[in-house]
Amino acid sequence: MTVSMALFTRDLRVHDNPALAAAARTDEILPVFVVDASICSSSYSSPNKAVFLAEALADLDETLRSLGGRLLLRSGDPAAEVCRLVQQFSVDEVHIAEDVSSYSRRRENRLRERLTPLGCRLLVHESSVTVCAPGSLTPAGKDHFAVFTPYHRRWSQHRLRKPLAVPKHIRLPHRADSDPLPAPSDLTAGKGSPHLPTGGESEGRAVARTWFAEGIHAYADTHDDLAADATSHLSPYLHFGCVSAVELLHHTDQSTRGGAAFARQLAWRDFHHQVLAARPASAHRDYRTHHDHWSDDHRLLAAWRAGRTGYPIVDAGMRQLAAQGWMHNRARLITAGFLTKTLYMDWRAGAQHFLEWLVDGDIANNQLNWQWVAGTGTDTRPNRVLNPHRQAERYDPDGDYVRRWVPELAHVQGRAVHRPWTLSAVAAAGYPEPIVDHDQAARAFRRIRQPEQTD
């Protein structure tokens with residue numbers, strides 16, 4: 001009789017789950033999730049993520065019960081809790097998904113060190129969180145790609161593994177009990193966003209079905225349209241592993257413009273994961289430093305966080321973030337560019353705020369996207385400045401996105417909503433004046449960095 005454990009981390013699903021599929025080949029299986037006390041007490045934890053995670057765990061437990069098993073919950077230090085279960089049930093193998101953050105690597109090392117003396121093997125499964133395993137694609141003589149285009153070219157040629165089937169049956173060892181499923185308040189304190197996506201694999205697969213049936217066809221033409229809100233909304237489900245990136249790519253027809261554009265976004269996700277895997281310090285240090293002397297004006301930072309900058313397109317994005325725990329990708333570029341290159345504030349302050357609110361906020365994509373925008377990351381044009389006025393006119397030409405999220409300006413018709421300081425005091429009542437002059441700030445930034453064209 002062999003017993004294995006599937007230790008869930010960022011792979012909260014039963015479809016196409018390499019760790020679960022491998023563990024299910026043994027006689028008995030322990031499906032385990034450990035509520036990690038160190039994560040719950042860290043700055044990475046947030047009310048929005050706690051709500052989504054609690055729902056995802058409840059959904060995973062329900063699905064496992066339909067297969068004859070259940071999710072075994074524990075709380076505390078993952079290595080200690082796993083070792084207790086290994087000893088209690090004489091577990092032969094522990095299966096876990098590969099991940100790239102410094103913390104996940106330390107967790108993997110601690111597990112291996114603790115399990116080896118117990119005679120239990122730790123098996124780490126690639127392409128569980130990403131399509132391509134970080135480090136599997138490298139340029140000649142280097143450990144990672146630092147530019148996206150050549151990475152994407154190689155990524156597109158990579159042989160995709162087949163999605164794995166759901167185990168037909170899960171047989172638990174006798175007397176395998178579980179701690180109660182956590183409520184969000186058990187995971188972290190604080191109040192989150194009022195309009196969050198529903199967590200879990202069931203909802204994630206429903207979102208994916210709708211996306212492939214209705215949304216992906218026009219994606220290449222509409223993905224930057226702020227008001228249309230025509231992106232997949234799959235990022236929270238990818239972050240928690242409620243859907244598989246490999247399975248999504250298998251369902252994507254890359255011969256179409258929409259399919260190719262969507263696949264490119266999955267490639268960007270993998271790109272950032274391979275950068276972080278090779279350069280773990282880039283989670284908190286400049287990937288390519290310009291020795292910036294960032295501003296520390298807390299008044300400006302507070303206005304940006306609150307969506308009270310006086311730039312409607314920026315404020316709309318920040319208010320969407322607070323309301324939904326999510327933000328349109330184009331709005332993320334605009335708001336991040338405004339903080340780092342108009343206000344000249346440290347990208348780490350913005351990245352931390354996003355991590356506090358984004359349900360999909362993970363270390364690889366969040367931190368490295370922020371560095372890309374700040375010009376300290378992998379952008380080949382690190383000194384470009386996004387003009388919020390031009391961005392608004394290009395990607396929200398009729399002002400519908402701004403009116404949706406900035407109620408003080410909901411009555412202003414057309415593109416005039418993007419320049420409320422040109423209106424009468426009555427028309428713009430309750431909305432703040434711009435906290436800085438963008439053009440003046442852009443000139444100052446260019447004096448600091450090398451001159452480059454404004455977009």
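Two strands pair if DSSP finds at least two bridges between them. Keep that rule in mind as you look at this predicted model, where five bridges join strand β1 (residues 3-7) to strand β2 (residues 28-36). From that strand we will move to the nonpolar cores, and then to some residues listed in a UniProt record.

**Strand β1 and its partners**

- Strand β1 is largely enclosed by the rest of the structure, because five of its five residues are buried.
- In a regular strand the side chains alternate between the two faces of the sheet.
- You can follow that pattern here: Val3, Met5 and Leu7 point one way from β1, while Ser4 and Ala6 point the other way, and all are buried.
- Strands β1 and β2 run parallel, and alanine 6 has proline 31 of β2 as its bridge partner.
- Which strand is joined to β1 by four bridges? That is β4 (residues 93-97), and it too runs parallel to β1.
- Within β4, glutamate 93 is the bridge partner of serine 4.
- Try tracing the chain from β1 through helix α1 (residues 18-23) to β2: together they make a right-handed β-α-β unit.

**The nonpolar cores**

- How many residues does the largest nonpolar core have? There are 59, and those with the most contacts inside this core are Phe8, Leu12, Phe33, Trp155, Leu248 and Phe262.
- Helix α12 (residues 257-278) gives the largest share of this core, nine residues.
- Another core, of 47 residues, lies apart from the largest one, and its members include Val314, Ala336, Phe338 and Ala374.
- Phenylalanine 8 is a good residue to click on: leaving aside its neighbours within four places in sequence, its contacts include Pro31, Val32 and Phe33, along with Leu60, Leu64 and Leu71.

**Residues from the UniProt record**

- Under "binding site", an unreviewed UniProt entry lists Tyr219, Thr231, Ser232, His233, Leu234, Ser235, Phe262, Asp360, Gly361 and Asp362.
- These residues span 144 residues in sequence and the farthest two C-alpha atoms are 23.7 Å apart, so they do not all gather at one spot.
- The lining of the largest pocket includes Tyr219, Thr231, Ser232, His233, Leu234, Ser235, Phe262, Asp360, Gly361 and Asp362.

**Two neighbours in one loop**

- Histidine 233 lies in the loop between α9 (219-222) and α10 (235-239), and leucine 234 lies in the loop between α9 and α10 as well.
- Is histidine 233 buried, partly exposed or exposed? Histidine 233 counts as partly exposed, because its relative accessibility is 27% and buried means under 20%.
- Leucine 234, at 1% relative accessibility, therefore counts as buried.
- Leaving aside neighbours within four places in sequence, histidine 233 is in contact with Val207 and Trp326.
- With the same neighbours left out, leucine 234 is in contact with Gly204, Val207, Ala208, Trp211, Leu248 and Phe262.
- The C-alpha atom of leucine 234 is separated by 23 Å from that of aspartate 400, which is 166 residues away along the chain.

**Glycine 200**

- Glycine 200 lies in the loop between α7 (184-187) and α8 (201-215), and its relative accessibility is 0%, so this residue counts as buried.
- Leaving aside its neighbours within four places in sequence, glycine 200 is in contact with Phe52, Glu55, Ala56, Asp59, Tyr237 and Cys242.
- Measuring from C-alpha to C-alpha in the model, you would find glycine 200 and aspartate 437 44 Å apart in space, and they are 237 residues apart in sequence.

Definitions and conventions:
Residues numbered from 1 in each chain as written. Predicted model: local features only at pLDDT ≥ 70, side-chain atom pairs only at ≥ 80, totals over all residues. Heavy atoms only, no water. Buried < 20%, exposed > 50% of the residue type's maximum accessible area, 1.4 Å probe, protein only. Helix = DSSP H or I, 4+ residues; strand = E, 2+ residues; numbered from the N terminus. Right-handed = clockwise from strand over helix to strand, strands pointing away. Core = buried A, V, L, I, M, F, W, Y, C linked by side-chain atoms within 4.5 Å. Contact = heavy atoms within 4.5 Å. UniProt positions renumbered as here; feature names shortened; annotations may be inferred. 1 Å grid on protein atoms, 1.4 Å probe; cavity = no way out; pocket = protein on both sides within 12 Å on 5 of 7 lines; lining within 4 Å.
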